Amino acid sequence: MSLHQYAYFALFSRHTSAADMTSQLGITPDEVTIRGSRITEPAMVPVDHAWMVVCRDPGLRVDEQISRILDRLQPHTDRISDVTRLLASTGGGSVLNVVRYFNDTDQAQPGAADAPDLFGWHLDRKVLDFLSATGAELGVDEYDMTEDEDAR
């Protein structure tokens, strides 16, 4: 079964822009979203601004991707915690999110037969302590990309 996955840590807010979050943290994000930036119709508005540090490195288990993210963020735990508290006071916050696509044949990697087993992962004490200190939630999104038999 093919698997494509990535992880990211995000700060999000309806009121505070990603640029303001960057200014408060002093850390440049890998990706940002801007509320209202993907308007396709009057009713479609991204819910939040988001500031994200992402690991999309292929061939790593989720815990290895998370470790790479935390290696960058842990020296800034206190500032992240302060910003998260400010964002939470107006409905925002922080999240460590894992996104996994199973049977994603569009993302199949050459040499996949030699690839390491990516299906098992865990959160160690270092990760749990960071989530607790920053008030972050954990989100896991998993999608089965198997083509629907009726669609053929």
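**Entry 1: helix 1**

I count as a helix a DSSP run of H or I of at least four residues, numbered from the N terminus. I am working on a predicted model. I started at helix 1, residues 18–25. I checked what follows helix 1 and found G26, whose phi is positive, near 75 degrees.

Which residues of helix 1 are buried? I found A18, M21 and L25. I then looked down the axis of helix 1: the buried residues fall within an arc of 55 degrees, so they line one face of the helix. The general rule is worth noting here: an α-helix has 3.6 residues a turn, so residues three or four places apart point the same way. On the other side of helix 1, I noted A19 and S23 as exposed.

What do the buried residues of helix 1 pack against? I listed strand 1 (3–13), strand 2 (31–33), strand 3 (49–55) and helix 3 (77–88).

**Entry 2: the sheet**

I traced the sheet next. It is open, has 5 strands and runs in the order 2-3-1-4-5. The pairing is mixed. Which strands stand at the edges? I found strand 2 and strand 5 (137–144) there. Each has a single partner strand, so one side of each is left without a neighbour in the sheet. I noted an average twist of 25 degrees from one strand to the next.

**Entry 3: helices on the sheet**

I looked up helix 3 again. It lies across strand 1 and strand 4. Its angle to strand 1 is about 70 degrees. Helix 4 (residues 125–134) also packs on the sheet. I found helix 4 touching strand 1, strand 4 and strand 5. The direction of helix 4 makes about 135 degrees with that of strand 4.

**Entry 4: strand 4, strand 5 and N97**

In what sense do strand 4 (residues 93–102) and strand 5 pair? I read the pairing as parallel, over 8 bridges. I picked N97, which is found in strand 4. The bridge partner of N97 in strand 5 is G139.

Is N97 buried or exposed? I noted a relative accessible area of 6% for N97. The cut-off for buried is under 20%, so N97 counts as buried.

Which residues does N97 touch? Leaving out residues up to four places away in sequence, I listed Y6, A7, Y8, G139, V140 and D141. One of these, D141, has a further tie: a polar contact of 3.1 Å joins the side chains of N97 and D141.

Terms used:
Residues numbered from 1 in each chain as written. Predicted model: local features only at pLDDT ≥ 70, side-chain atom pairs only at ≥ 80, totals over all residues. Heavy atoms only, no water. Buried < 20%, exposed > 50% of the residue type's maximum accessible area, 1.4 Å probe, protein only. Helix = DSSP H or I, 4+ residues; strand = E, 2+ residues; numbered from the N terminus. Arc of directions from axis to C-beta. Contact = heavy atoms within 4.5 Å. Pairing = 2+ DSSP bridges. Axes fitted to C-alpha atoms, helices over the stretch in contact; angles between N-to-C directions. Polar contact = N/O pair within 3.5 Å; in protein donor to acceptor, adjacent residues only side chain to side chain.
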